[in-house]
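The following paragraphs lead the reader through a structure, beginning with a pair of helices and moving on to the meeting of two chains.

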There are 2 protein chains.
Amino acid sequence: MYSIKELQSLISVEVNHEIELINSLEPKNLYEPVGYALSMGGKRLRPVMVLLSYNLFSESVEKVIPAAMAIEVFHNFTLLHDDMMDQAEMRRNSLSVYKKYNENVAILSGDAMSIMAYNYLLKCNTAQQYSMLRLFSKTALEVCEGQQYDMDFESRMDVSISEYLHMIKLKTAVLLAASLELGALAAGAPEKIATQLYDFGLNLGIAFQLQDDLLDVFAEQEKFGKKIGGDIESNKKTFLLLKAIELADPETKTIIQDWIQKKEFDAEMKVNTITEIYNSLGIKAITENYIREFYQTVLNIWEEMDLEKERKSELLEFAKMIMGRDH
Amino acid sequence: MYSIKELQSLISVEVNHEIELINSLEPKNLYEPVGYALSMGGKRLRPVMVLLSYNLFSESVEKVIPAAMAIEVFHNFTLLHDDMMDQAEMRRNSLSVYKKYNENVAILSGDAMSIMAYNYLLKCNTAQQYSMLRLFSKTALEVCEGQQYDMDFESRMDVSISEYLHMIKLKTAVLLAASLELGALAAGAPEKIATQLYDFGLNLGIAFQLQDDLLDVFAEQEKFGKKIGGDIESNKKTFLLLKAIELADPETKTIIQDWIQKKEFDAEMKVNTITEIYNSLGIKAITENYIREFYQTVLNIWEEMDLEKERKSELLEFAKMIMGRDH
């Protein structure tokens, strides 16, 4: 059994090795941006999930590394194209690909990454390869659907909480879910537990995204990588904003809508005003309650999984870790 | 045995059926542009190649339709993203996707199409599915490489003919080659003949692209769908231009380079001047000779294929048709 830290360092070595390989490919203008996008790093959570899940059933985690790479390359492809669509100039303190290079480079290198993800998965020679490809490809399309809903919501004021949950499920949660199921499929795990792992990842993904929405407003600045209130500034239709619009009296609702419509504004004043409205409506507690519910579902699924406690303990550690509950 | 016309009408019905289906999917803003891109039509040459090749070995062509759809959807995905990268506002007398909708729609709908192509291929339930997926995915990445080389060439004056041939091989020919091989693989054809079909498609693709370069300058306007001289106007590094630069004396070379560098110019004068240079260097005959060589290779491969003449006659008809030699 590998610890999360061991799996992280294992996949990190692999990704770095692949980056070197990719950087040596021609045409340079296609592949160098791919290497750059992959080198921007992050915690490699998704490929770790593939390995972690595989490791529940088998020790030979090296066999599932191509599938883990597929997930990581696909995830970074979505970030690359999303940054361009959202005109997000920075990612993890580096220039995003379309800013460092140009828009054409971002489009085409992203396209290549999406295809490369399949090529990695096609290297994963297991009896379950067909199911793995089907799951991956279905999930990939769902992620595109999620991104479209997210963009659609930008120009809508009437997004319901259920629509929002459907969007983050597609945009964020299904890839975490598929990462866990892919590992299980590769290991030839029974269908029931593969499905449980999918659901574990799905609920964890939703809890994770809701927590991200919450932290954007209520995190302590020093612990938070991004700028506090960034979502408020950019009118992102987060769970917090949608819940506030739902609960606000007509007068408060008008105030929120006015701030959303302002083209020029003092950013600090906007963040402060909206945060105060959140406070007055108890949005923090409501969001925490939602997160708790989804997280509880994660724990319930974990309990029900027909695996020895010790065997599955690292999976629980992982959930705690990404929810920031590991300390 | 089906005739080309029958296969064209068969795939046309299928594509239209899929367009209807796609147009009913949610989110609308993601899938409607996909339906639009697919409805812009064209001659469906590539899916016909899949069916035609399959039909060399088996009558039940309906079984390979998902693979034909995969190729058509992938091809239209590349057109969609290429149009955006090339800022080409029109395609086949319709607005290109990024112009009709917007750039974000073009990026994301294209991404979805690339994934949908795999989903179609995954529906093609044959014993050779794994080989088909590998071939398709390898080819898809090559097409991206070809597009990158093409864009790289825009800012280079020293592109060699061999580099150019490598580029059109990747950008255009490998997808025609793969279309034929996919059909053969799906039908469980012997490896030797599957490879011959790939090579047939590859050489035909190169001849086809060289002919396209030639027609851009020397076609009769009424028979040509596009504007004569469009490649000259936009400084496209075609075979004709590269050959002219290679053969021109220093003085003529300077004239060519001056026209390429001009930001403002009279289009007609540019097209006429460059065409006169082509005439003085005998570029038309040289290009025709190159086309003849690649086409001859196509014919040789056809001759060598271990299939009854009658069985493989439609394949030859197809080659003649796309080279405009069927009358």
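**Helix packing and the interface between the chains**

In this predicted model, helix H3 (residues 45-55) of chain A packs against helix H8 (residues 161-186) of chain A at an angle of about 35°, and their axes lie 7 Å apart. The crossing of H3(A) and H8(A) is right-handed. On the side of H3(A), the contact is made by Arg46(A), Met49(A), Val50(A), Leu51(A), Leu52(A), Ser53(A) and Tyr54(A). H8(A) contributes Leu175(A), Leu176(A), Ser179(A), Leu180(A), Leu182(A), Gly183(A), Ala184(A) and Ala186(A). Sorted by class, the residues of this contact comprise 11 nonpolar, three polar and one charged.

Attention now turns to the two chains. Between them, 29 residues of chain B are in contact with 29 residues of chain A. Four helices of chain B each supply at least two residues to the side that touches chain A: helix H2 (28-39), helix H4 (65-85), helix H6 (103-123) and helix H7 (129-154). Of the elements on this side, H7(B) gives the most, with 12 residues. The side of chain B that touches chain A consists of 17 nonpolar, eight polar and four charged residues.

How are the two copies arranged with respect to each other? A turn of 180°, with a shift of 0.0 Å along the axis, lays chain B on chain A with an RMSD of 0.0 Å. The two copies are therefore related as by a two-fold rotation axis. Moreover, 100% of the interface residues of chain B are also interface residues in chain A, so the copies meet through the same surface.

Note on methods: Residues are numbered from 1 along each chain as its sequence is written. Chains are lettered from A and ligands numbered from 1 in the order in which they are written. This is a predicted model: local features need pLDDT of at least 70, side-chain atom pairs count only at pLDDT 80 or more; totals for chains, interfaces and linings use all residues. Axes are lines fitted to C-alpha atoms, for helices over the stretch in contact, and angles run from 0 to 180 degrees between N-to-C directions. A crossing is left-handed if the near helix is turned anticlockwise from the far one by less than a right angle, and right-handed if clockwise. Two residues are in contact if their C-beta atoms, placed from the backbone, lie within 7 Å. Ala, Val, Leu, Ile, Met, Phe, Trp, Tyr, Cys and Pro count as nonpolar, Asp, Glu, Lys and Arg as charged, and the others, Gly among them, as polar. Copies are superposed by least squares on the C-alpha atoms of residues with pLDDT of at least 70 in both.
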